[in-house]
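Here are a few friendly notes to read alongside the model. I start with the whole chain and then move inward.

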Amino acid sequence: MYIPRKFEKRDKPYKFLTLSFDDGVTQDEKFIKMLDERGIKCTFNINTGICGLVHNLPYRDGEVTHNEHTEEKISQVYVNHEVAVHTLTHPRLDLLDEAGVIKEVGEDQKNLVRLTGQDVVGMAYPGGPYYTEETKRIILEHTPVRYARNVQSHHTFAMPTDFMEWAPTCFWRSEACRWLIKKFIALEPTEDSLLYIWGHAYEFDMYDGWDLIGELLDLMAGHDDITYVTNGEIYKYMTE
Ligand SMILES: [Zn+2]
């Protein structure tokens, strides 16, 4: 079972690398095999209110499979990685009242604890930018969630400054992603640094992207000076 590791502060700056992938789709299983083969860690943001839902997403002229894992699969697939909240049903949180936000975030958190046994403290906002100061306040006051990722890619290796608006480095399929990975590998940091890449595993089907993500993971993997972590391990390192 995944248990977050505690990294000690040290004189030599860390080069942390983390991934964050959303929606708890069935493609996560193949992706996790690729991660485990390479020793790379990821945080998976999961909607437990729609477990087992079978549906397709339209794109361009076709459709891509967007099936959600069943509860049983959630308890099996993510054992080496962190799970985090993505709400029960993926609504726009900025359109919900306080009780709605508490239910969508709080109940998803409880389901994930029940299914995985993990201490679930993280989330990714569903839909990306659909949250407000009020949303953040409600989550902090009424749920155990202590960090939340948005989709405002900043293309830097900065450590997070506001855990309730944790912005990633880049989207896996962005033009800059490969260049940023190479830049990070070459980096000789003078302070702790973080390469943080996000996405959805169904996009590997959608864009015929399994080869590309394999190449990117091969680039990222196996560097002695890089520490491969989950989002929660960064949170723990910076707050404890
Ligand atoms: Zn999502």
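1. Overall make-up. This is a predicted model, and its protein chain has 8 helices and 10 strands. The radius of gyration is 17 Å, close to the 18 Å that the globule rule gives for 240 residues, so the chain is as compact as a globular protein of that length. If you are setting up a box, the C-alpha trace spans about 45 × 45 × 30 Å along its principal axes.

2. Burial and contact range. Of the 240 residues, 44% count as buried. Taking contacts between residues at least 6 apart in sequence, 71% join residues at least 24 apart.

3. The nonpolar core. The largest nonpolar core has 62 residues, and those with the most contacts inside it are A148, L195 and I197. Strand β9 (residues 193-199) supplies the largest share of this core, with 5 residues.

4. A look around L195. Leaving aside residues up to four places away in sequence, L195 touches L17, F157, T169, L180, I181 and F184. I181 is worth keeping in mind for the next point, as it is one of the α5 residues that meet α7.

5. The α5 and α7 pair. The axes of helix α5 (residues 177-186) and helix α7 (residues 210-220) come within 10 Å and cross at roughly 10°. Angles under 35 degrees count as roughly parallel, which makes α5 roughly parallel to α7. On the α5 side, C177, R178 and I181 take part, meeting L216, L219 and M220 in α7. By class, this contact has 5 nonpolar, no polar and 1 charged residues.

Technical notes. Residues are numbered from 1 along each chain as its sequence is written. This is a predicted model: local features need pLDDT of at least 70, side-chain atom pairs count only at pLDDT 80 or more; totals for chains, interfaces and linings use all residues. Helices (H or I, at least four residues) and strands (E, at least two) are DSSP runs, numbered from the N terminus. The radius of gyration is taken over C-alpha atoms; the globule rule is 2.2 Å times the number of residues to the power 0.38. A residue is buried if 20 or more other C-beta atoms lie within 10 Å of its own, exposed if 12 or fewer, and partly exposed in between; C-beta atoms are placed from the backbone. Two residues are in contact if their C-beta atoms, placed from the backbone, lie within 7 Å. Axes are lines fitted to C-alpha atoms, for helices over the stretch in contact, and angles run from 0 to 180 degrees between N-to-C directions. Angles under 35 degrees count as roughly parallel, over 145 as roughly antiparallel, 65 to 115 as roughly perpendicular and the rest as oblique. Ala, Val, Leu, Ile, Met, Phe, Trp, Tyr, Cys and Pro count as nonpolar, Asp, Glu, Lys and Arg as charged, and the others, Gly among them, as polar. A nonpolar core is a set of buried Ala, Val, Leu, Ile, Met, Phe, Trp, Tyr and Cys residues joined through C-beta atoms within 7 Å.
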